[in-house]
Amino acid sequence: MATIVSVHSFRGGTGKSNSTANLASLCAQQGYRVAIVDTDIQSPGVHVLFGIDEAQAPRCLNDFLWGTCRIDEAAVDVTPVLEGGVEPVAGRLFVVPSSIKSDEIGRVLRDGYDVGRLNDGFRALIKSLALDLLFIDTHPGVNEETLLSLAISDLLVLIMRPDAQDYQGTAVTLELARRLEVPEILLTVNKVPPSLDAVKLRVDVARTFGVEVAGVLPLNLEMVEVASGGVFVTRYPEHPFTRELRVIAGRITVAAAPAARRA
Ligand SMILES: Nc1ncnc2c1ncn2[C@@H]1O[C@H](COP(=O)(O)OP(=O)(O)O)[C@@H](O)[C@H]1O
Ligand SMILES: [Mg+2]
């Protein structure tokens, strides 16, 4: 039994793909077998952070959804990216990218796909790669995949910025997550400007939504500079931002630990 973690936000650009990549990397560094599936078929991105190019990923999630390959055939082992030639990584990290070809994105938008098949793919991937943790990076907003991923998740990492539009959308997603009985929700505020009092923000957000806030992450200039050209926590392992992310990763691995022990 693996732990399924979906990473959502109501609006785009909140930091879902970067958070997914960073949290998944931290979990792999702690010895877990981890995979990320990029279900943001309309605007895929997580592959960029791991430098996955077409040669490395001749197959992708789209091929699986169209029935032309198995899902594990579309998985790229990105563990060497985490090692960066320094310490060996105790766990493993795989990415199932989504196609970046305009005709393939267009085909999904035009013809759609069977969301049930996506669910079968998650289960097959967990089994064939013997995963402890499966991260689902998502498209913003609410659509069929959002409902599926919430319904099957053990844990939801819900990301918002301190922005009035995000507040409304986060309330909508939270209501859905509660209705779908997601067992654990880690609400995270990202891109918090230095002018805001992080402690007060944490209290205010928790009070507004009636859930604990798992993390308050600052607007991080070094992250802007990395510009999705790498995984922040591997570039800056001792950075205070990485330490904050490690706390959230710790919450995820606590949820995963019983499953990993059973494996
Ligand atoms: N805490 C942060 N501080 C500064 N920039 C950030 C932070 N989190 C994410 N970003 C930047 O914001 C942009 C959008 O992030 P991304 O992870 O692609 O969001 P999403 O997947 O939600 O659309 C990227 O350029 C990323 O580098
Ligand atoms: Mg994204």
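Visitor: How many bridges join strand 2 to strand 4, and do the two run parallel or antiparallel?

Guide: A good place to start in this predicted model. Strand 2 (residues 33-38) and strand 4 run parallel, with five bridges joining them. To find your way in the viewer, look for Arg33, which stands opposite Arg92 in strand 4.

Visitor: And what joins strand 3 to strand 4?

Guide: Strand 3 (residues 76-77) is joined to strand 4 by two bridges, and this pair runs antiparallel. Asp77 has Phe94 of strand 4 as its bridge partner.

Visitor: Is strand 4 largely enclosed or open, and why?

Guide: As a general idea, side chains in a regular strand alternate between the two faces of the sheet. In this case, strand 4 (residues 92-96) has four buried residues out of five, so the rest of the structure largely encloses it.

Visitor: Let's take a single residue. Is Phe64 buried or exposed, and why?

Guide: Burial is read by counting neighbours: 20 or more other C-beta atoms within 10 Å make a residue buried. Phe64 has 25 within that distance, so it is buried. This residue sits in helix 3 (residues 61-65).

Visitor: Which residues does Phe64 touch, leaving out those up to four places away in sequence?

Guide: Cys69, Arg70, Ile71, Ala74 and Gly121. Gly121 is 57 residues from Phe64 along the chain, yet their C-alpha atoms are 7.8 Å apart.

Visitor: Finally, which residues come nearest to ligand 1?

Guide: Among the 18 residues around ligand 1, the nearest are Gly15, Lys16, Ser17, Asn18 and Asn220. Helix 1 gives the largest share of this shell, three residues. By class, the shell holds eleven polar, five nonpolar and two charged residues.

How values were computed. Residues are numbered from 1 along each chain as its sequence is written. Chains are lettered from A and ligands numbered from 1 in the order in which they are written. This is a predicted model: local features need pLDDT of at least 70, side-chain atom pairs count only at pLDDT 80 or more; totals for chains, interfaces and linings use all residues. A residue is buried if 20 or more other C-beta atoms lie within 10 Å of its own, exposed if 12 or fewer, and partly exposed in between; C-beta atoms are placed from the backbone. Two strands pair if DSSP finds at least two bridges between them. Two residues are in contact if their C-beta atoms, placed from the backbone, lie within 7 Å. A residue is near a molecule or strand if its C-beta atom, placed from the backbone, lies within 6 Å of it. Ala, Val, Leu, Ile, Met, Phe, Trp, Tyr, Cys and Pro count as nonpolar, Asp, Glu, Lys and Arg as charged, and the others, Gly among them, as polar.
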